[in-house]
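This report describes a buried-or-exposed assignment and a sheet with its packing helices. The sequence and structure are shown below.

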Amino acid sequence: MALALSVTPTSSSSSSCVLSRNPSPNFKTTLLNFASPRRIHAITPLHRSFQCLQSPSQHLNTSPFTTSAVTSSSSSQTTELVLQRLVQEFKSLTEPIDRLRWVLRYASLLPPMPDSSRTESNRVMGCTARVWLDAELGQDGKMRFWADSDSDVSKGMCSCLIQLLDSATPEEVMELKTEDLVELNVGLLGGERSRVNTWHNVLVSMQKKTRRLVAEKEGKAPTFEPFPSLLLTSDGIEPKGSFAEAQAKYLFPEEARVQQLVKVLKEKKIGVSAHFYMDPEVQGVLTAAQKHWPHIYISDSLIMADAAVKMAKAGCQYITVLGVDFMSENVRAILDQAGFGEVGVYRMSDETIGCSLADAASAPAYLNYLEAASLSPPSLHVVYINTSLETKAFAHELVPTITCTSSNVVQTILQAFAEMPELNVWYGPDSYMGANIVKLFEQMTLMTDEEIANIHPKHNLDSIKSLLPRLHYFQEGTCIVHHLFGHEVVERIKYMYCDAFLTAHLEVPGEMFSLAMEAKKRDMGVVGSTQNILDFIKKKVQEAVDRDVDDHLQFILGTESGMVTSIVAVIRSLLGSSANSKVKVEVVFPVSSDSMSKTSSPKGPSSINVGDAVLPIVPGVAGGEGCSIHGGCASCPYMKMNSLNSLLKVCQNLPDVENVIGGFKAERFKRQTPQGKLIADVGGEPILHMRHPPQGKLIADVGCEPILHMRHFQANKELPKELLDHVLSREGKR
């Protein structure tokens, strides 16, 4: 499109300029006035010409704060009115190409940004292009912003937001929500979502700078210290903080330790199935050993049993499980189901390797919860995979049960309601995850039918509203690790890291969940399983590497800190794939001072007394990981029972002819499920009685059924007929 510029002086105090073009017939133009600090547009057809007025005083002013791109004659206009007029402008342009042209025109009106402000600290994260934003709180108590980008589209968006918030009060800046910008959808050709997210990400950066400037002016700036982090580049790793230093220490293990493990694994044909949450020393050695022995898998709990079956098929005679007890139980049971009963399965301790969630599901309160479910047919129990095989077996005989993971729980529940619309769903035992699922469905009631169908094709607004009253969750079970992501951590993230990429496990408390969901809307966050978190980070780093520009990505790790080994391995691989990568990636560990959990563990060197309770530090200063009561980290004390020494001890004693490691073996459940009554091992007394006594079966067989139902759903995208019949048959017995 050709544009012509002419300037004609009209008086000693002003000048006029006219931009002329030959637009499409339906493209409107606007009168733009440059006289005041607030930049308000009025839509006015001007016979296909673009006119502007500018005063010499502004033309000569070099301040980046007072040079206005688009202004009006009234400085008293509110931010709300400015937003309304902006929305009116964009709505008047129905064609995507016209909206794009309009944004590009705004870009041409944005004043130059001083080179001194184009710094890494002023970069706006999450934008496809590079965007810089700087701010100042004026003596008049009003905010001043200026911005720049190497993309004209992003620059135009910044120009619109500066028009909206420049000279606004801090209160007005902070009150604006990302939802208020929904109608400012540029409608770019091709529907590039990341461009649209520029609106939101720039606004979040504006609010972050506003919050800090106001706090500094009032002398109330919080004394928050940065969270510990690892900064990764193509040249190496830089740890920040004692905890990060401890993590980095194990990322490059001694080759002798690696070869010691590889040698015994090869000689005795031992496979290793480990969870992401392992101790960093163990993960460092395992990750290095994978290059020499292929039968080592580090994954989330869902994949661990599948990996064991693959290793058994490949000829492994033993499987060592690095995780908590329900994981080794699942591996043993699934191997038996697959016909590999002769393959030995070994844990990493002769003591109980517990789990707070698994414990909650075996408590009397949970059995009472299931009894209520059995009295409300048709009911389906959706149980988190992080529970014991015994819990799954007993629950399945009381209420038809299907297992879920944090990555498939939402789809499992939606599919169940789609196939049985009158169903009651009872989720457990994780209370935070249950509350978050309900909150997610409540948010879906604000979506359109089309948006809901994108999540699940058989649902719409009416069906989501209908299912909510019949969705129940257990309210007395939490993961001691994800419980640490509470109010204190959330406040620090809001203040210091609100513009960073935010990852959160679905088990985190509600405040952290809401924060991550808001970030997810801007494509700046992910809420889900450990694998979902890893995939999100991988995707964002790959995109940055492909752009081939200098960039600094910052990820808040909202899950167990043991994930960092796998994350670092993926990031280093991506950064190493580009010979001259300019990308920096920072992995941030949120730290809570409330970093201890009450357990049944005896008092040890890493424990302290608080009243009558003995609280082990998580994971403890004695563990060498820089955590303490004054700043612990999200680390599971049970997972840390899986040490490298334990793994070597088990491997070196196989085959266990002399029963040296008998207590480490994952035994099969030989007991049967109750016939006529359900016995809970609480004081040896039966606490529940079933109205329709089942025939007794092996706990291992019944406990596997909910897992197999889940696998059927994952493979076929529908619930198995056997489970549907089980649910509906219970309704007929009411």
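## Gln283 and the parallel sheet

In this predicted model, Gln283 counts as buried because its relative accessibility is 0%, and the cut-off for buried is under 20%. The residue belongs to helix H9, which spans residues 280-289. From Gln283, the side chain reaches the backbone oxygen of Phe276 at 2.3 Å. When neighbours within four places in sequence are set aside, the contacts of Gln283 are His275, Phe276, Tyr277, Met278, Ile298, Gly562, Thr565 and Ser566.

A separate topic is the open sheet of 4 strands, ordered E15-E14-E16-E17 with parallel pairing. Strand E15 (401-404) and strand E17 (471-473) occupy the edges; each has a single partner strand, so one side of each is left without a neighbour in the sheet. From one strand to the next, the twist averages 25°.

Strands E14 (residues 379-384) and E16 (residues 424-428) are paired in the parallel sense over 5 bridges. Within this pairing, Val382 stands opposite Tyr427 in E16. In general terms, strands of a sheet pair through backbone hydrogen bonds, either parallel or antiparallel.

Two helices that pack on the sheet are listed here.

| Helix | Residues | Strands touched | Angle between directions |
|---|---|---|---|
| H13 | residues 364-374 | E14, E16 and E17 | about 170° with E16 |
| H15 | residues 409-419 | E14, E15, E16 and E17 | about 170° with E14 |

Edge strand E15 is among the strands touched by helix H15, while helix H13 touches E14, E16 and E17.

Terms used:
Residues numbered from 1 in each chain as written. Predicted model: local features only at pLDDT ≥ 70, side-chain atom pairs only at ≥ 80, totals over all residues. Heavy atoms only, no water. Helix = DSSP H or I, 4+ residues; strand = E, 2+ residues; numbered from the N terminus. Buried < 20%, exposed > 50% of the residue type's maximum accessible area, 1.4 Å probe, protein only. Polar contact = N/O pair within 3.5 Å; in protein donor to acceptor, adjacent residues only side chain to side chain. Contact = heavy atoms within 4.5 Å. Pairing = 2+ DSSP bridges. Axes fitted to C-alpha atoms, helices over the stretch in contact; angles between N-to-C directions.
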